[in-house]
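Me: I'm new to this structure and would love a close look at a single part of it. Could you pick the sheet and walk me through what surrounds it along the chain?

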Amino acid sequence: MLQKLVLDKLEEIEKRFKEIENLLTKEEIISDLSRYQSLLKERAKIEEIVEKFSEYKKLLKEREDLEVMTKEEQDEDLRSLAEAELEEIEKKLEKIEFDLKALLLPKDPNDEKNIIMEIRAGTGGEEAALFAADLFRMYVGYAQKKGWKVEIVSSNPTGLGGYKEIIFIVEGKGAYSRLKFESGVHRVQRVPITESSGRIHTSTATVAVLPEMEEVDVEIDPKDLRIETFRSGGAGGQHVNKTESGVRITHIPSGIVVQCQDERSQHQNREKAMKVLRARLYEYYQREKENEIASQRRQQVGTGERSEKIRTYNFPQRRVTDHRINYSSFQLEEVLSGELDEFIDRLILAEKEEQIKKLFEEVGASS
């Protein structure tokens, strides 16, 4: 059964939903476009909760009727049938109670944002750089399946096709809500192409996932910036080498340095570099805030810290293991091609379970 506090909250939301429905029929509201749109948005935010709560109450009534049948029905076959249906209702109620609690949790304000992903080769030399390239292709594959756009900001490729570092933007609705769990250390176990004896090596790469911030989200004083240009290398032929299109921006107070050189024009590189700087500054200030209070990340599924080993890709066994939820898949090739939903769905569920547990522990302590 749901706690009284939760039921009271759900009834309060249901009451407000009915008020909004009534207001939306009034002529004075319909003629006031701003107020009308505001009410529509408010209704949309709570509609799923109200529908789920209505379904919950209907199931409670069905359970009540079935409980009476199991106690009073004389026919043994009908009583057995009622008992079986009651068992099914109990399972549905358990699921819907979890869903209602999850819907009442505060939303992450960054969930709908685009993201900036940074992948860096860790321990393992050239093999780590090749693994970083594998991870990049994995996220590109996942983005394509979701219909999202990927745009490289900067890259530092190696001679064998790996990356010492690659930074890219993923644009698409809900990108942060799905990919925020990828932050951390990814580990690979396989025989490197550079290994002649056939020994299995362990290498790592770090992934950082930052929500893309708008100018209004992160205020940057132009006086705090040092902007330098340089001749960029890489793709682009003679044009790239002859013009100073590369841009390096230093945020003096924090010491954060970003650079972009993948675009042909200095203006485009500066624009991309500023996107990365805003995202990193947001993370920087968030960390400062978390150090003063309690870090929310530590109360969820793993901290998301870059030093934390979150997943292992074992090639000899074709196994991918996420250590935060202790879940393994033996579809290594599919995962590396971008089939990540089986992990992401479980991580989202585990995070919600942890948040719900914490929320109601706090409610119990305060009541």
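Reply: The mean pLDDT of the protein chain in this predicted model is 86, and 88% of the residues reach 70 or more. Two stretches call for care. Over residues 235-240 the pLDDT stays under 50, and the model has six contacts beyond four places in sequence for them. Residues 293-306 also have a pLDDT below 50, with 35 contacts in the model beyond near neighbours in sequence. Where pLDDT is low, the predicted coordinates should not be read in detail.

Now to the sheet you asked about. It is an open one made of three strands, in the order β6-β7-β8, and the pairing is antiparallel. At its edges stand β6, residues 225-230, and β8, residues 256-260. Each of these edge strands has a single partner strand, so one side of each is left without a neighbour in the sheet. From one strand to the next, the twist averages 15 degrees.

Let's zoom in on one pairing. Strand β7 covers residues 246-251 and pairs with β8 in the antiparallel sense over five bridges. If you would like a pair of residues to look for, try Thr250, whose bridge partner in β8 is Val257.

Stepping back along the chain from the sheet, you come to the loop between β5 (201-211) and β6, where Glu212 is found. Glu212 has a relative accessibility of 8%, and because buried means under 20%, this residue counts as buried. What does Glu212 touch, leaving aside its neighbours within four places in sequence? Glu212 is in contact with Lys113, Asn114, Ile115, Ile169 and Lys275. Another residue to find is Asn110: its C-alpha lies 8.5 Å from that of Glu212, although the two are 102 residues apart in sequence.

For some context, finish with the beginning of the chain. The unreviewed UniProt entry places a "coiled-coil region" at residues 3-30 and 56-99. In the model, residues 3-30 are 86% helix and 0% strand, and the end C-alpha atoms of this stretch are 38 Å apart. Helix α1 takes up residues 4-23. At 1.5 Å a residue, its 20 residues should span 28 Å, which agrees with the 29 Å between its end C-alpha atoms. As you follow α1, look for its buried residues: Val6, Leu10, Ile13, Glu14, Phe17, Ile20 and Leu23.

Key
Residues are numbered from 1 along each chain as its sequence is written. This is a predicted model: local features need pLDDT of at least 70, side-chain atom pairs count only at pLDDT 80 or more; totals for chains, interfaces and linings use all residues. Side-chain values use heavy atoms; hydrogens and water are left out. Two strands pair if DSSP finds at least two bridges between them. Helices (H or I, at least four residues) and strands (E, at least two) are DSSP runs, numbered from the N terminus. Axes are lines fitted to C-alpha atoms, for helices over the stretch in contact, and angles run from 0 to 180 degrees between N-to-C directions. Buried means under 20% relative accessible area, exposed over 50%, partly exposed in between (1.4 Å probe, protein chains only). Contact means heavy atoms within 4.5 Å. pLDDT is the predictor's confidence in each residue, from 0 to 100. UniProt positions are given in the numbering used here, feature names are shortened, and annotations may be inferred rather than shown by experiment. The expected span of a helix is 1.5 Å times one less than its number of residues.
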